[in-house]
Amino acid sequence: MLGYWLAVVRRLALPALATGAVCAAAMAAALVLGDGTSWSAAASQALVAGAVGALALVAVLSTSTVLSAARTARRYGLTLGPEAVALPSVREVRMPAIESRTAFQLTDSVRHVVEKDPVLRLDEITAFGHGTLDFTLRGPSDTSVSVQVRVTTGPQETTAVVEARPAATYKRLDAAACWAVARVVEQRVAQALCAETADGGAAR
């Protein structure tokens, strides 16, 4: 969890510094124009206030984000780490080529698994085709997560790539929700492809 917290702090550092700088500039201008304080005195006071504000912002947002992420990880039985901060959250499933199955058939199998899974809480499927499956899930705390699954087949290998990102851009701090959803979808995709492998073997 410490690694995740440090990663969140790094992500918040620049926005917090920018916010602190804007607040410091506004405070300095108010002191000079409103109270007649000298620029040097106003600048020192404003810089201290801006730094304190930036630190407070980072502390509050990082703490709330980590607590929410910890609840998400516990809900899905996962271990929280710094990789949970990355957006989009990308997972990959690789296995030997599945004979006698097209990318469309494999994608259709993944779709059936997603539709029937009670944990994933499917909202809607937005795209479905040859090796393409896009859908929206209700993640932890009802965060909407957009998921893309891309299935490719070749003579040697079958690959499925899962990408999850917040459906709303203002939810970027909910990266842990996307990470958890991506992990669960990865497991379901692997199950679907393994089932197709077994069915293909039985057909031969």
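A search of the whole structure, which is a predicted model, finds zero disulfides. A disulfide is a covalent bond between the sulfur atoms of two cysteines. Cysteine 23 has a relative accessibility of 47% and counts as partly exposed. Cysteine 194, at 44%, is likewise partly exposed. Neither reaches the class of exposed residues, because that class begins over 50%.

The interior comes next. The largest nonpolar core has 45 residues, and those that touch the most other members are Tyr4, Phe135, Val147, Val149, Val185, Val189 and Leu193. Two or more residues each come from helix H1 (2-35), H2, E1, H3, strand E3 (132-138), strand E4 (144-153), strand E5 (157-166) and helix H4 (175-203). H4 gives the largest share, twelve residues. Another core, of six residues, lies apart from this one; Ala28, Leu31, Ala42 and Ala46 are among its members.

Leucine 193 shows what such a core residue meets. Beyond its neighbours within four places in sequence, leucine 193 is in contact with Val93, Met95, Ile98, Leu106, Thr158 and Ala160.

Threonine 107 belongs to helix H3. With a relative accessible area of 0%, threonine 107 is buried, because the limit for that class is under 20%. When neighbours within four places in sequence are left aside, the contacts of threonine 107 are Phe128, Gly129, Gly131, Thr132, Leu133 and Val151.

Several of these contacts lead to the hairpin of E2 and E3. The two strands pair in the antiparallel sense, over six bridges. Glycine 129 stands opposite threonine 132 in E3, and there are two residues between the strands. Glycine 131 takes a positive phi near 80° in this hairpin.

A positive phi also occurs at arginine 121, with a value of about 50°, although this residue is not a glycine. Arginine 121 is found in the loop between helix H3 (103-116) and strand E2 (122-129).

One further backbone feature remains. The peptide bond that joins leucine 87 and proline 88 is cis, with omega about -5°. Proline 88 lies in the loop between helix H2 (39-76) and strand E1 (89-96).

Key. Residues are numbered from 1 along each chain as its sequence is written. This is a predicted model: local features need pLDDT of at least 70, side-chain atom pairs count only at pLDDT 80 or more; totals for chains, interfaces and linings use all residues. Side-chain values use heavy atoms; hydrogens and water are left out. Helices (H or I, at least four residues) and strands (E, at least two) are DSSP runs, numbered from the N terminus. A nonpolar core is a set of buried Ala, Val, Leu, Ile, Met, Phe, Trp, Tyr and Cys residues joined through side-chain atoms within 4.5 Å. Buried means under 20% relative accessible area, exposed over 50%, partly exposed in between (1.4 Å probe, protein chains only). Contact means heavy atoms within 4.5 Å. A disulfide is a pair of cysteine sulfur atoms within 2.5 Å. Two strands pair if DSSP finds at least two bridges between them.
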